[in-house]
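Q: Please take a close look at the enclosed and open spaces in the interior of this model, and at the packing around them. What lines each space, and how does the lining relate to its surroundings?

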Amino acid sequence: MKPIQVPFLDLRREYSRIDDQINKAIERVFDRGRFILDEEVKAFEAEFAEYVGARYGVGVSSGTAALTIALQSAGVGEGDEVITAANTAIPTVNAILRAHAKPVLVDVREEDCTIDVFELKKAITSRTKAIIPVHLYGYPCDMPQIIKLANEAGIRVVEDCAQAHGAAIGGKKVGSYGDIGCFSFYPTKNLGAYGDGGMLITDSNELAQRARMIRHHGQSSRNVHEIQGMCARLDELQAAVLRIKLRSLDERNERRREIAKRYMGELQGVQVFEEKSGRESVWHLFVVRTGEREKLMEELSQRGITTAVHYPTPIHLQKAFRDLGWREGDFPVTERLAGEIVSLPVFPELTDHEVSWVIESVNEVLATH
Ligand SMILES: *Cc1c(COP(=O)(O)O)cnc(C)c1O
């Protein structure tokens with residue numbers, strides 16, 4: 001094939017398909033002149049909660065806000081421990097810290113990069129208040145096992161679904177397993193706003209009500225502030241945009257799956273992570289593993305293909321968290337993966353031609369080494 005430029009992600013391609021609808025929706029909000037907690041947010045909360053399979057949705061300002069507020073609503077605070085996966089994105093840990101709890105990391109499984117349930121069980125102490133399983137790259141964690149463990153130990157489960165809108169296990173969507181499911185609508189996510197946004201979903205009226213208060217200065221009704229809260233609301237413009245994009249989420253996830261299937265079937269010389277036991281990924285990222293990562297990334301870049309690493313430096317080795325007592329060697333699988341994983345382009349608007357160029361390039365680069 002002749003070399004072509006393949007971006008890692010190009011959000012303009014989606015916009016150019018739906019610009020009429022988006023522009024109309026935005027105009028509708030401007031015409032109404034109400035920008036905070038009005039009918040668009042209310043409608044999107046109901047629509048998205050229904051999509052995932054939960055009773056209530058609470059729109060917030062980001063995925064980090066969703067996680068923070070979820071923990072606070074569940075009563076997590078000073079002196080509590082919250083367990084999460086060592087390979088997660090930074091925001092999961094920041095949310096635990098913002099809720100004044102102590103983050104406890106657990107290593108992941110080599111075969112699918114999700115939290116190791118055996119290690120998780122060992123990490124539970126009398127101070128453990130919640131677990132945050134992270135459906136990283138769009139691939140569901142072993143939720144039935146995690147829920148069973150949490151129920152036995154009497155602890156809460158808050159799912160980090162920031163990369164997994166629509167992912168499911170045997171047809172039941174992630175976010176509907178735990179006490180609360182948290183989503184991010186950061187522009188690059190499978191369902192992305194044109195700015196920041198997030199939502200937490202739950203079947204509990206009590207948790208939903210607390211979350212609603214916390215995101216809005218702890219207010220229960222006008223001038224009545226029942227608890228200490230913050231300012232973390234989803235806005236009307238983003239909600240209006242997200243309502244339109246939600247309609248094509250399944251179709252766009254399906255296209256990601258199509259691309260992932262081609263990668264899995266045609267890539268040579270790299271390890272791929274396949275779906276197992278009824279767990280349906282939404283392929284937020286297509287991550288492969290190779291001992292020759294730097295070479296592969298460099299040569300793909302020369303061929304016009306942009307790749308990325310999610311993530312090169314694990315939480316426990318980040319400068320920001322150096323006072324939390326973690327050391328190199330604490331989470332060997334996470335560390336090994338961090339040195340060998342690379343994400344290939346996988347957004348829905350990639351053309352078959354572009355996918356073919358990525359496959360041909362990976363196979364040629366690794367065949368010559
Ligand atoms: C993006 C992301 C978040 C946080 O989302 P923001 O909207 O950026 O706050 C949390 N967890 C994971 C795994 C993410 O990928």
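A: In what follows, Ala, Val, Leu, Ile, Met, Phe, Trp, Tyr, Cys and Pro count as nonpolar, Asp, Glu, Lys and Arg as charged, and the others, Gly among them, as polar. The model is predicted, so local features need pLDDT of at least 70 and side-chain atom pairs pLDDT 80 or more, whereas totals for chains, interfaces and linings use all residues. Residues are numbered from 1 along each chain as its sequence is written, and side-chain values use heavy atoms, without hydrogens and water.

Two cavities of 30 Å³ or more are counted (on a 1 Å grid over the protein atoms alone, sets of points where a 1.4 Å probe fits but cannot get out; lining residues have an atom within 4 Å of a point). The largest cavity has a volume of about 120 Å³ (the space filled by probe spheres set on the points, which are joined across faces, edges and corners). Its lining is formed by Asp112, Cys113, Leu136, Tyr137, Tyr139, Phe273, Glu274, Ser281, Trp283, Leu285, Phe286 and Val287. By class, nine residues of this lining are nonpolar, one is polar and two are charged.

The second largest cavity holds about 70 Å³ of space. It is lined by 15 residues, of which Leu11, Glu14, Lys189, Arg252 and Arg256 are the closest to its centre. Helix H1 (11-32) and helix H9 (249-266) are the elements that give two or more residues to this lining (helices, H or I, of at least four residues, and strands, E, of at least two, are DSSP runs numbered from the N terminus). The lining of the second largest cavity comprises six nonpolar, three polar and six charged residues.

Lys189 leads on to the open space of the model. The largest pocket (an open set of points with protein on both sides within 12 Å along at least five of seven lines) contains about 490 Å³ of space. Among its 30 lining residues, Gln163, Tyr186, Thr188, Lys189 and His284 lie closest to the centre. Helix H3 (63-73), helix H4 (90-98) and strand S8 (180-184) are the elements that give two or more residues to this lining. Its residues divide into 16 nonpolar, ten polar and four charged.

Phe286, from the lining of the largest cavity, also belongs to the packing of the interior. The largest nonpolar core (buried Ala, Val, Leu, Ile, Met, Phe, Trp, Tyr and Cys residues joined through side-chain atoms within 4.5 Å) has 57 residues, and those with the most contacts inside it are Tyr263, Leu267, Phe286, Leu344 and Val362. Helix H12 (residues 352-367) supplies the largest share of this core, seven residues. Beyond its neighbours within four places in sequence, Leu344 is in contact (heavy atoms within 4.5 Å) with Phe8, Tyr263, Leu267, Phe286, Val288, Leu300, Thr307, Val358 and Val362. Another core lies apart from it, with 26 residues that include Val58, Ala95, Ala101 and Ile214.

Val288, one of the contacts of Leu344, lies in strand S14 (residues 286-289). This valine is buried, with a relative accessible area of 1% (buried means under 20%, exposed over 50%, partly exposed in between, with a 1.4 Å probe and protein chains only). Sequence neighbours within four places aside, Val288 is in contact with Leu267, Val270, Gln271, Val272, Phe273, Glu340, Ile341, Val342 and Leu344. Of these partners, Glu340 is 52 residues apart from Val288 in sequence, with 8.2 Å from C-alpha to C-alpha, and Phe273 is one of the residues that line the largest cavity.
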